[in-house]
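Work through these exercises with the model open beside you. Try each task before you read its solution.

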Amino acid sequence: NQFGNGDGKTAMTVAGVAAGAYTGKKIAENSEKMKYRITVRMEDGDIETVVQSKLHNIHVGDSVRVHDGKAEHN
């Protein structure tokens, strides 16, 4: 908002708002593509890795089960 004077300041503000909206849209698109790789040590000692788009409040050390290729709380 420091560039120009009068209508120039208004134009720069509008450009900033448009750039902010575009950036927000791209961040939202990328967050939908984000995947989590979760490594689970099974009861028999085997290691299984699943990839999913949401953690569903799973933390390191939690007891989980793997169902349909997804980790979920027991």
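**Exercise 1. Contacts of one residue**

Task: Find which residues Val 40 touches, leaving out residues up to four places away in sequence.

Solution. This is a predicted model. Start at Val 40 and look for contacts, which here means heavy atoms within 4.5 Å. Skip residues up to four places away in sequence; the contacts are then Asp 46, Ile 47, Glu 48, Val 64 and Val 66.

**Exercise 2. The nonpolar core**

Task: List the residues that make up the largest nonpolar core.

Solution. Begin with a general trend. In soluble globular proteins, nonpolar side chains tend to be buried together. Now apply the test: a core residue must be buried, with under 20% relative accessible area. The largest nonpolar core has six residues in all. Val 40 is one of them, and so is Val 64. Ile 38, Val 50, Ile 58 and Ala 71 complete the set. Val 40 and Val 64 also touch each other.

**Exercise 3. The largest pocket**

Task: Describe the largest pocket by its volume, its lining and the classes of its lining residues.

Solution. Take the volume first: about 320 Å³. Next, count the lining, which has 17 residues. Val 40, Arg 41, Asp 62, Ser 63 and Val 64 lie nearest the centre of the pocket. Then sort the lining by class: eight residues are nonpolar, five polar and four charged. Finally, ask where the lining comes from. Strand 1 (36-41) and strand 3 (64-67) each give at least two residues. The largest share, four residues, belongs to strand 1.

**Exercise 4. A hairpin**

Task: Work out how strand 3 and strand 4 are joined and which way they run.

Solution. Strand 4 covers residues 70-73. Four bridges link strand 3 to strand 4, and the two run antiparallel. For one facing pair, take His 67, which stands opposite Lys 70 in strand 4. Two residues lie between the strands, making a hairpin. Asp 68 sits in the turn.

**Exercise 5. Positive phi angles**

Task: Compare His 56 and Asp 68 by phi angle, then by location and exposure.

Solution. Recall the general rule first. Most residues other than glycine have a negative phi. His 56 is not a glycine, yet its phi is positive, about 55°. Asp 68 is not a glycine either, and its phi is also positive, about 55°. Now place them. His 56 is in the loop between strand 2 (47-52) and strand 3. Asp 68 is in the loop between strand 3 and strand 4. Last, check exposure; the cut-off is over 50%. His 56 has 53% relative accessibility, so it counts as exposed. Asp 68 has 68%, so Asp 68 counts as exposed too.

Methods:
Residues numbered from 1 in each chain as written. Predicted model: local features only at pLDDT ≥ 70, side-chain atom pairs only at ≥ 80, totals over all residues. Heavy atoms only, no water. 1 Å grid on protein atoms, 1.4 Å probe; cavity = no way out; pocket = protein on both sides within 12 Å on 5 of 7 lines; lining within 4 Å. Points joined across faces, edges and corners; volume = space filled by probe spheres on them. Nonpolar A, V, L, I, M, F, W, Y, C, P; charged D, E, K, R; others polar. Pairing = 2+ DSSP bridges. Buried < 20%, exposed > 50% of the residue type's maximum accessible area, 1.4 Å probe, protein only. Core = buried A, V, L, I, M, F, W, Y, C linked by side-chain atoms within 4.5 Å.
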